[in-house]
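Trainee: Please take one part of this model and look at it closely. Then tell me how that part sits in the rest of the chain.

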Amino acid sequence: MTKEMEIRNSSLKEFNNTLRAERTQQMVITALRGRADEYFRNIASVVANSPDLQKCDPITLICGGLQAANLCLPIGSGLGFAYLIPYKNTKKGCYEAQFQIGYKGLVQLAIRSGMFSDINTGIVYEGELSSYDKISGKFKLDGERKSDKVIGYFAFFRLNNGDADTAFSKSLYMTTDEMNAHALRYSQTYSSRYESTRNSSKWTTDFHAMAQKTVLKLLLSRYAPMSVEIQQAVAADQAIAREDGVLDYVDNEQPEEQAQIAEAVDDKKEEMRNSEQHAPELL
């Protein structure tokens with residue numbers, strides 16, 4: 001057995017021991033109740049099949065997985081709903097698991113809320129963008145595709161508060177340059193001067209999926225009425241979840257919209273805790 005295999009087996013054993021620990025079991029059961037068994041199967045399978053995740057601190061894997069489980073979204077790189085991404089925390093000298101929502105996860109939460117009649121996000125190729133009004137934000141994608149060159153990304157939603165003509169709708173278009181600038185600003189791994197670090201970024205390995213998620217997240221956070229689930233997903237995106245419930249944004253500076261949503265979610269949690277403490281006793 002090679003030294004690398006020995007380290008992997010040791011790390012996986014440490015994760016499994018942490019997962020089976022009574023303290024962890026109680027934390028998960030309290031958070032998920034009847035869905036705990038499903039969570040244990042999902043997180044154990046994901047980590048067992050990912051050597052990169054096996055390097056991560058076990059508690060960050062477990063807490064990151066809970067973020068997805070609380071939203072009833074499966075974790076898995078091939079599914080596109082939610083991810084756990086290894087992040088090298090140089091300050092602590094270890095790898096930690098970062099939770100990321102996928103664009104399919106955002107669409108799923110929007111549909112589940114019952115507030116949207118239409119929602120979509122996608123890639124725009126050269127020739128497809130026929131017009132764009134910067135003031136209204138409206139654009140048309142009825143042009144003929146000329147090549148495989150990607151020029152931008154779009155997101156669109158329509159609420160179910162009327163028919164196709166009267167219901168509120170909004171769209172957002174971002175060029176590839178705008179998206180790349182956003183990634184460089186908000187992801188330290190993607191903007192790192194070290195090639196190995198840049199190559200580990202989700203922006204490097206799956207730029208199109210990250211771009212579609214980003215344009216949709218920005219559109220929803222700016223203009224859409226958001227369910228509690230969507231607020232939680234946006235607030236937790238790209239954060240390392242700690243055992244005490246703190247979301248640590250070690251890889252990025254939060255965009256203003258995301259910071260405001262995170263604050264609103266915290267306020268809501270505090271309000272719910274206070275209401276539980278002051279609930280009247282039943283006679």
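Mentor: β1 is mostly covered, with six of its eight residues buried. Keep in mind that this is a predicted model. The strand spans residues 82-89.

Start with its partner. β1 pairs with β2, residues 94-101, and the sense is antiparallel. Eight bridges hold the pairing in the assignment. One of the bridged pairs is easy to find: Ala-82 in β1 has Ile-101 in β2 as its bridge partner. The two strands form a hairpin, and four residues lie between them. Look at Gly-93 in that turn. Its phi is positive, about 70 degrees.

Next, the side chains. In a regular strand they alternate between the two faces of the sheet. Keep that rule in mind as you step along the strand in the viewer.

Now turn to the largest pocket. β1 gives seven residues to its lining, the largest share. The pocket holds about 860 Å³ of space. Other elements that give two or more residues to the lining are α4 (51-54), α8 (195-200) and α9 (202-205). In total, 31 residues line the pocket. Nearest its centre lie Ile-85, Pro-86, Tyr-87, Lys-88 and Ser-200. The lining is mixed by class: eleven nonpolar residues, 13 polar and seven charged.

So much for the strand and its pocket; now the whole chain. The protein chain has twelve helices and nine strands. It runs to 283 residues, and 42% of them count as buried. Take the contacts between residues at least 6 apart in sequence: 60% of these join residues at least 24 apart. The chain exposes about 15,800 Å². Carbon and sulfur atoms supply 48% of that area.

One last stop, at another loop. Gly-245 lies between β8 (240-241) and β9 (247-248). Its relative accessibility is 48%, so Gly-245 counts as partly exposed; the exposed class begins over 50%. Gly-245 also shows how sequence distance and space can part ways. Gln-67 is 178 residues away along the chain, yet the C-alpha atoms of Gly-245 and Gln-67 are separated by 9.9 Å.

Back to the strand, then. β1 is a mostly covered strand, it is paired with β2 in a hairpin, and it supplies the largest share of the lining of the largest pocket.

Technical notes: Residues are numbered from 1 along each chain as its sequence is written. This is a predicted model: local features need pLDDT of at least 70, side-chain atom pairs count only at pLDDT 80 or more; totals for chains, interfaces and linings use all residues. Side-chain values use heavy atoms; hydrogens and water are left out. Buried means under 20% relative accessible area, exposed over 50%, partly exposed in between (1.4 Å probe, protein chains only). Contact means heavy atoms within 4.5 Å. Accessible areas come from the Shrake-Rupley method with a 1.4 Å probe; for residues, only the protein chains shown count as cover. On a 1 Å grid over the protein atoms alone, a cavity is a set of points where a 1.4 Å probe fits but cannot get out, and a pocket is an open set with protein on both sides within 12 Å along at least five of seven lines; lining residues have an atom within 4 Å of a point. Grid points are joined across faces, edges and corners, and a volume is the space filled by probe spheres set on the points. Ala, Val, Leu, Ile, Met, Phe, Trp, Tyr, Cys and Pro count as nonpolar, Asp, Glu, Lys and Arg as charged, and the others, Gly among them, as polar. Two strands pair if DSSP finds at least two bridges between them.
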